[in-house]
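Thanks for sharing this one. Here are a few friendly notes to read with the structure open beside you.

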Amino acid sequence: MQLESIFYFPSLNETFFIIINMVSITFGFCLIVYGLIKQKKHKKSTLATCCMVLGSLTIITHIIQIVAKLL
């Protein structure tokens with residue numbers, strides 16, 4: 001048995017991955033907005049800070065993935 005047949009994963013369409021990345025970017029924006037609203041109500045909120053950081057990281061990583069796929 002060849003090694004390639006063991007680790008074979010069917011490739012999905014590239015546009016499918018770009019759509020998933022766009023949904024994740026939208027989710028990242030929602031996390032940032034939620035964090036900003038939560039921080040406005042409660043001045044020192046760890047949850048708000050975590051949401052904003054996680055949203056920012058989500059947006060950055062998925063933008064990098066889109067740029068890497070397009071190049």
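**Notes on the helix packing and the cysteines**

1. Let me start with the pair that caught my eye: helix H2, residues 14–41, packs with helix H3, residues 46–70, at an angle of about 160 degrees, and their axes are 7 Å apart. Please keep in mind that this is a predicted model. An angle over 145 degrees counts as roughly antiparallel, and H2 and H3 are therefore roughly antiparallel to each other.

2. On handedness, the crossing in which H2 passes H3 is left-handed. Sorted by class, the residues in the contact of H2 with H3 are 18 nonpolar, eleven polar and three charged.

3. A good residue to click on here is asparagine 21, which lies in helix H2. Is asparagine 21 buried or exposed? Its relative accessibility is 5%, and the cut-off for buried is under 20%, so asparagine 21 counts as buried.

4. What does asparagine 21 touch, once its neighbours within four places in sequence are left aside? The contacts are with His62, Gln65 and Ile66. For glutamine 65, the C-alpha to C-alpha distance to asparagine 21 is 7.7 Å, although 44 residues separate the two in sequence.

5. Stepping back to the whole chain, the protein has three helices and zero strands. Read from the N terminus on, the order of elements is α-α-α.

6. Two overall values may be handy for your text. Of the protein's 71 residues, 21% count as buried. Among contacts with a separation of 6 or more, 53% are made by residues 24 or more positions apart.

7. Now for the cysteines. How many disulfides does a search of the whole structure find? The search finds zero. As a reminder, a disulfide is a covalent bond between the sulfur atoms of two cysteines.

8. Why does cysteine 50 have no such bond in this model? The closest cysteine sulfur to that of cysteine 50 belongs to cysteine 51, and at 7.1 Å it is too far for a bond; the cut-off for a disulfide is 2.5 Å between the sulfur atoms.

9. A last point on accessibility: cysteine 50 has a relative accessible area of 46%, so this residue is partly exposed. Cysteine 30 has a value of 47% and is likewise partly exposed. If you describe these cysteines in the text, "partly exposed" is the wording that fits both cysteine 30 and cysteine 50.

Terms used:
Residues are numbered from 1 along each chain as its sequence is written. This is a predicted model: local features need pLDDT of at least 70, side-chain atom pairs count only at pLDDT 80 or more; totals for chains, interfaces and linings use all residues. Side-chain values use heavy atoms; hydrogens and water are left out. Axes are lines fitted to C-alpha atoms, for helices over the stretch in contact, and angles run from 0 to 180 degrees between N-to-C directions. Helices (H or I, at least four residues) and strands (E, at least two) are DSSP runs, numbered from the N terminus. Angles under 35 degrees count as roughly parallel, over 145 as roughly antiparallel, 65 to 115 as roughly perpendicular and the rest as oblique. A crossing is left-handed if the near helix is turned anticlockwise from the far one by less than a right angle, and right-handed if clockwise. Ala, Val, Leu, Ile, Met, Phe, Trp, Tyr, Cys and Pro count as nonpolar, Asp, Glu, Lys and Arg as charged, and the others, Gly among them, as polar. Buried means under 20% relative accessible area, exposed over 50%, partly exposed in between (1.4 Å probe, protein chains only). Contact means heavy atoms within 4.5 Å.
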